[in-house]
Amino acid sequence: MHTRQVAGWCGAVALAVAASAADGAATEQPTMRLWYDKPAGKWEEALPIGNGRLGAMVFGGTAEERLQFNDDTLWTGKPHEYHHEGAAQHLPTIRRLLAEGKPREAEALAMKEFMSVPLRQKAYQPFGDLRLAFPGHQTAADYRRELDLDSAVATVRYRLDDATYERQAFSSHPDQAIVVRVAADKPGRVSFTAKLDSPHKSARTRAIGGQLALAGQVQPDGLRFEARLRVLAEGGRVAVTDGAVTVENADSALLLLVVATSFKSFQDISADPAERCEAAMKAVEGKAFDALRKAHVEEHQRLFRRVALDLGTTDAAALPTDQRLKAAKTQPDPQLAALYFQFGRYLLIASSRPGTQPANLQGIWNDKLNPPWDSKWTTNINTEMNYWPAEVTNLSECHEPLFDLIADCALTGRKTAQAHYAARGWVLHHNTDLWRGTAPINHSNHGIWVTGGAWLCHHLWEHYLFTGDKDFLVKRAYPAMKEAALFFVDFLVKDPKTGWLISTPSNSPEIGGLVAGPAMDHQIIRDLFANTIEAAKVLGIDQDFAAKLTEMRPQIAPNQTGKHGQLQEWLEDRDNPKETHRHVSHLWGLYPGSEITPADPKLFAAARQSLLFRGDGGTGWSKAWKIDLWARLLDGNHAHKLLVEALAGNTFPNLFDAHPPFQIDGNFGGTSGIAEMLLQSHIPSAGQGQAFEIHLLPALPNAWPTGSVQGLCARGGFEVDISWKDGLLAEALLRSKLGHPCKLRYGSRPTAVDTKAGGKYRFGGDLQQR
Ligand code: FUC
């Protein structure tokens with residue numbers, strides 16, 4: 001039993017919550033709050049809410065409140081095919097130039113003849129701002145704003161004269177609306193003006209049917225958008241003009257904001273956003289605030305409460321969140337790590353739900369017309385990192401938007417495979433956008449990188465390993481995996497020097513320019529082939545194709561150990577041990593891949609050496625990746641060092657990851673890293689198949705001597721609860737969903753466990769079953 005202290009609303013309220021590994025069900029988590037004693041000054045201080053599609057940043061000002069909002073389908077551009085007809089004619093020359101040691105010539109030719117048309121992809125867009133003006137509220141006192149991760153509600157509370165004001169805001173998934181309630185504890189005190197505006201110059205507001213509408217178009221032939229605001233007051237008066245809604249002397253007011261674009265699919269933008277808004281408003285406007293809030297909270301908690309994490313609490317937990325971050329380097333604050341972990345889960349729930357777009361570089365939150373890297377889907381690390389926590393932290397359905405994107409890119413990527421490589425199957429390079437571009441973009445020295453699609457396929461197979469969902473495997477995963485593998489059957493070429501099959505042209509993201517045979521590609525392709533072979537076996541289909549992959553796989557250039565004891569990043573032994581580049585691509589096979597494990601001590605040591613050479617610096621996502629990598633290297637203290645450095649150095653006051661600038665991948669990579677420190681399950685317990693080794697507390701740092709986690713997931717269909725005390729395993733509970741066997745490991749002790757579907761198995765610290 002652990003007791004947690006939290007600061008409640010007005011002053012310090014102590015709450016004791018029992019958390020026991022044995023209970024399994026995660027319930028209320030009162031310490032899961034970000035809170036501040038002043039409004040957000042900058043965007044990176046505002047608090048994110050979202051329902052997967054519809055997001056907002058809540059600033060929490062007293063006299064002027066701002067909710068900057070987004071819809072995940074609002075982008076520049078329009079349906080477009082990016083592949084470069086005729087590019088494949090130049091492939092043999094590009095390959096020859098690389099083989100002759102003339103990479104700059106190869107890059108120059110590729111820039112002219114081989115790149116995406118146009119060279120750049122499109123950008124994710126801001127939608128608009130809901131602005132509320134409360135004249136006279138500048139002098140507010142006793143201010144507090146918070147984001148409660150457990151209810152997914154952002155709240156602002158303050159006192160003005162003898163009244164306490166409270167605003168609550170959430171983005172409802174069940175009701176597809178942003179809901180805001182403004183209230184005071186004295187009657188007739190709620191007076192404000194609400195306006196809508198947008199950074200898009202085309203946007204105009206108008207009054208329509210008692211609502212305020214904001215409508216525009218991103219570009220003349222591009223996406224159209226519309227938002228509608230309805231304000232319902234208790235008591236007082238409401239007036240709507242073409243520019244504003246005014247509320248006077250109400251007891252409280254309910255604001256409903258619905259939002260739509262004309263996007264239907266990457267090939268079709270013919271929807272009517274006004275019609276969509278009308279339907280959405282009709283569905284929501286008759287409902288009372290309490291009912292809306294209840295439905296929202298229930299749906300959120302269905303996902304959020306599947307996992308609870310307690311790493312212990314220190315005095316630092318009583319500070320506002322921004323102050324805790326400032327103190328993170330010097331003051332032990334394990335609860336901040338738990339909060340950061342749950343914030344990552346919160347963000348995934350808020351930015352990725354079945355039917356929405358996947359979380360992009362900023363999830364769904366963006367206020368800029370020209371966001372960094374266009375806020376696209378960058379597939380040479382960032383998009384995948386966004387989904388690292390999906391399975392292991394029990395949010396499997398939040399993974400689904402990524403699978404939809406894969407299905408789209410398998411279509412557009414087929415054209416790119418034909419046009420650029422005269423190959424069958426599909427290929428995706430290092431970025432995609434709303435229009436599902438798959439051709440190489442930006443510059444040939446890093447845009448020509450062929451394993452983006454193959455890496456995404458890793459996610460399809462992982463989803464199957466965690467869920468055992470054969471219907472998913474047959475309908476969604478296998479078709480994309482097979483076609484991705486088919487691309488490499490045609491694409492891989494025999495290296496004349498070594499005789500191995502290699503990937504050329506490509507690069508080791510984003511370092512060293514265009515090359516033949518980067519190690520990362522070969523790790524990813526080996527993984528794709530292995531998983532496709534295994535999937536064909538599970539489904540009992542495509543034996544000839546599986547035989548072809550089985551024949552080719554051992555011919556792919558293997559991982560090599562170089563003269564510095566490092567894992568070679570390239571085919572040749574030319575790594576620079578002083579290189580501290582943020583990308584650690586050749587460690588893919590250690591994490592998120594699984595081909596580098598302690599089973600091969602030499603390779604495991606080489607990977608460790610490479611990571612040591614790269615150092616502990618880097619952008620937010622780079623540090624996050626290193627947390628996962630050090631966890632896989634079973635070094636919890638090194639992983640924890642990086643976590644503390646990421647919190648202290650790469651985290652904005654609102655806990656958003658600071659690349660800098662804001663990029664959400666580091667949040668997700670940090671969350672998965674914490675999970676990897678507590679539980680790993682990537683090592684098959686008997687060859688390939690459905691049986692895995694479930695490793696308990698593989699990388700527990702000294703900084704978390706006592707704690708518990710409930711509801712993490714393991715491959716083979718398990719939910720796992722673990723509690724530990726004084727650095728030692730106290731108890732573990734396995735819930736088997738599929739009835740597969742597994743091997744349970746703690747330290748060097750493994751024990752074989754047979755399970756039945758639906759069975760629960762409890763173990764003591766000695767791994768004896770109880
Ligand atoms: C890759 C990284 C950058 C950034 C960008 C979105 O290009 O190398 O650091 O994360 O993606």
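Reader: Which residue stands opposite I49 in β3?

Author: A56 stands opposite I49. β2 and strand β3 (residues 54–58) are joined in the antiparallel sense over 4 bridges. The model is predicted, so local features need pLDDT of at least 70 and side-chain atom pairs count only at pLDDT 80 or more, while totals for chains, interfaces and linings use all residues. Residues are numbered from 1 along each chain as its sequence is written, and side-chain values use heavy atoms, with hydrogens and water left out.

Reader: What makes β2 and β3 strands, and what makes them a pair?

Author: A strand is a DSSP run of E with at least two residues, a helix is a run of H or I with at least four, and both are numbered from the N terminus. Two strands pair if DSSP finds at least two bridges between them. β2 and β3 have 4 bridges, so they count as a pair.

Reader: In what order do the strands of that sheet come?

Author: The open sheet has 7 strands, in the order β2-β3-β4-β5-β10-β15-β14, with antiparallel pairing. Its edge strands, β2 (47–50) and β14 (237–240), each pair on one side only. From one strand to the next, the twist averages 20°.

Reader: What makes β1 and β11 edge strands in the sheet of 9 strands?

Author: That open sheet runs β1-β6-β7-β8-β9-β16-β13-β12-β11, again with antiparallel pairing. β1 (33–36) and β11 each have a single partner strand, so one side of each is left without a neighbour in the sheet. The twist there averages 15° from one strand to the next. Within the sheet, 5 bridges join β11 (residues 204–208) to β12 (residues 211–217). I208 has Q211 as its bridge partner. This hairpin has 2 residues between the strands, and G209 takes a positive phi near 55°.

Reader: Why are α16 and α17 called roughly antiparallel?

Author: Axes are lines fitted to C-alpha atoms, for helices over the stretch in contact, and angles run from 0 to 180 degrees between N-to-C directions. Angles under 35 degrees count as roughly parallel, over 145 as roughly antiparallel, 65 to 115 as roughly perpendicular and the rest as oblique. Helices α16 (residues 620–632) and α17 (residues 636–649) pack at about 165°, with axes 8 Å apart. That angle therefore makes them roughly antiparallel.

Reader: How do you know which residues make the contact?

Author: Contact means heavy atoms within 4.5 Å. Among the residues listed are I627 and W630 of α16 and L642 and L643 of α17.

Reader: What makes α9 and α11 oblique?

Author: The axes of α9 (residues 400–421) and α11 (residues 452–467) come within 10 Å and cross at roughly 130°. That value belongs to none of the named ranges, and the two helices are therefore oblique to each other. L402, F403, L405 and I406 in α9 meet L456, H459, L460 and H463 in α11.

Reader: Why is the pair of F69 and F127 called tilted?

Author: Rings of Phe, Tyr and Trp (its six-membered ring) pair if their centres lie within 6.5 Å; planes under 30 degrees apart count as stacked, over 60 as edge-to-face and the rest as tilted. F69 and F127 are 5.4 Å centre to centre, with 35° between the planes, so they are a pair and a tilted one. F69 is in strand β4 (residues 64–71) and F127 in the loop between α2 (103–113) and β5 (128–133), 58 residues apart. The structure holds 27 aromatic pairs.
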